[in-house]
Amino acid sequence: MIAADNSRNAKPQFLTIQKVVKLMSPFHKEEFMQHLREIKASIPLRLVESINNDLIDSISSDDLCTLVYGRNDLQTKKSFNQLASHTFRLTAFLSRNYPSYLLHNINKIEELINYGRLKEANVLAEILLDIAEKIEDLTTQTLVLRFLTQQAHIQKSQAEVIRLSNRISEVLNCDLKLHNIYLYLRKNFNISIKDDSVLKSLDTHFDYFASFHEYECHKIRIISKFSSLYLLYYYRPTEYLTEKVQLEIQDFEEELTKNGVVILPFMEDLYSKFSFYKLNLSNTDLSSKEGKFEYQKLLSHNRYLKFWQNYVNIPELYAITIKSTYYLSRYHCINHREDFRQVIPLEDRNDIARLAARCEELIIKDIWEPDHINDLIHPTLCIRKLKRRFEYL
């Protein structure tokens, strides 16, 4: 009888993917499952569908493995563990499109407490804090830590109050640093305005961003490193092409990809900007297998982020600029020849025609005033150059 009671009182043990799915609202869970359907991730989808929302009774990983694969032998368990990790990484879709997707659980904790369901409230708070820390959702971390701090105060656990309060200070400090990096970048640099005075103090600006490159918080490292690449691309383009910086670019891309689940501000699209900096270079070969792959990744990413449907689609403008720059650079040396149209491969001729047609479609859209007049420059210049050089072939 005692053993049974202990069993009922034991904390449920959840895998990370179980925790994050249990923390999703019905809306976010359906959005995530729809994303898995669209990318044809059938086994991760089966795993997500097999996870219930119960906070007290946890299904064992062996049973979950059986639900997904129909068996749980040793080799299958290894596959299941890999699946669980992979599916968690796929929640980057929610981190990018719905960075506040955990936040509704704060209201749920309050409801559980007020209806006398303390055990469930604390289980929820525990798994919420764990996932919020993993994806660096600073807002949710702060709120759940404040609940736990107040509860510890009521329970007269002074040491726990101090520990949790110190943790709140660390999280708030991280949030403030992130805000200050964004403020510094946007206050000191505006590429829409020609300002050569920036060049005089560029080393100071590089030092500022470099001071955060090894910071413990992943998102601070990512934003600060991106800011340094931003400065190199726009203000020191020759240095940007050096082998040293190209290695830094590879390292940054690996870090950005590895930390896809980490929360960034809503509507922050670092990947598109970074892809533009990487691909819009004179040494980029979009006809190569690697070049085509990278370009297709940018186009796919354009469809990955939902918010662009409400604004001028900057990733698409990036893609147009990259392609037009590439074709103009690749074929400028044969433009004078009478037979240059025949020299250009049919695949490229058709692509140039499609590019020009898309630019014309964008230019006539009623989407540019008053906020995006400068962005209109991209398709306008592209169509002008393509018309002058290729006459649409």
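**Helix packing and aromatic pairs in a predicted model**

Helices α18 and α20 are oblique to each other in this structure, which is a predicted model. Helix α18 covers residues 314–331 and helix α20 covers residues 346–363. Their axes are 11 Å apart, and the packing angle is about 135 degrees. Because angles over 145 degrees count as roughly antiparallel and those from 65 to 115 as roughly perpendicular, an angle of about 135 degrees places the two helices in the oblique class. The crossing of α18 and α20 is left-handed. On the side of α18, the contact is formed by E316, L317, I320, K323, S324, Y327, R330 and Y331. On the side of α20, the residues involved are D348, D351, I352, L355, R358, C359 and L362. Sorted by class, the contact of α18 with α20 comprises 8 nonpolar, 1 polar and 6 charged residues.

A second helix pair is formed by α16 (residues 270–279) and α17 (residues 289–304). Their axes come within 10 Å and cross at roughly 155 degrees, so α16 is roughly antiparallel to α17. This crossing, too, is left-handed. The contact draws on Y271, S272, S275, K278 and L279 of α16, together with E294, Y295, K297, L298 and H301 of α17. By class, the contact of α16 with α17 contains 4 nonpolar, 3 polar and 3 charged residues.

These helix pairs belong to a chain with 21 helices and 0 strands. The C-alpha trace of the chain spans about 95 × 55 × 40 Å along its principal axes. Of its 393 residues, 47% count as buried. Among contacts in the chain with a separation of 6 or more, 67% involve residues 24 or more positions apart.

The structure also holds 22 aromatic pairs. One of them joins F189 and Y235, whose ring centres are 5.7 Å apart. The planes of these two rings stand at 50 degrees, so the pair is classed as tilted. F189 lies in the loop between α11 (158–188) and α12 (202–210), whereas Y235 belongs to helix α13 (residues 218–235). The pair therefore ties together parts that are 46 residues apart in sequence. F189 has a relative accessible area of 5% and is therefore buried. Y235 is likewise buried, with a relative accessible area of 18%.

Another aromatic pair consists of F212 and Y215. Their ring centres are 6.5 Å apart and their planes are at 65 degrees, so this pair is edge-to-face. F212 counts as buried at 10% relative accessibility, while Y215, with a relative accessible area of 23%, is partly exposed. Ring pairs further link F226, Y230, Y233, Y234, Y240, F276, Y277 and Y318 into a cluster.

The surroundings of a single residue may also be described. V123 is located in helix α9 (residues 118–134). Its relative accessibility is 8%, so V123 counts as buried. When residues up to four places away in sequence are not counted, V123 touches P12, F14, L55 and I56. With respect to L55, V123 is 68 residues away in sequence, yet the C-alpha atoms of the two residues are 6.7 Å apart in space.

Key. Residues are numbered from 1 along each chain as its sequence is written. This is a predicted model: local features need pLDDT of at least 70, side-chain atom pairs count only at pLDDT 80 or more; totals for chains, interfaces and linings use all residues. Side-chain values use heavy atoms; hydrogens and water are left out. Rings of Phe, Tyr and Trp (its six-membered ring) pair if their centres lie within 6.5 Å; planes under 30 degrees apart count as stacked, over 60 as edge-to-face and the rest as tilted. Helices (H or I, at least four residues) and strands (E, at least two) are DSSP runs, numbered from the N terminus. Buried means under 20% relative accessible area, exposed over 50%, partly exposed in between (1.4 Å probe, protein chains only). Axes are lines fitted to C-alpha atoms, for helices over the stretch in contact, and angles run from 0 to 180 degrees between N-to-C directions. Angles under 35 degrees count as roughly parallel, over 145 as roughly antiparallel, 65 to 115 as roughly perpendicular and the rest as oblique. A crossing is left-handed if the near helix is turned anticlockwise from the far one by less than a right angle, and right-handed if clockwise. Contact means heavy atoms within 4.5 Å. Ala, Val, Leu, Ile, Met, Phe, Trp, Tyr, Cys and Pro count as nonpolar, Asp, Glu, Lys and Arg as charged, and the others, Gly among them, as polar.
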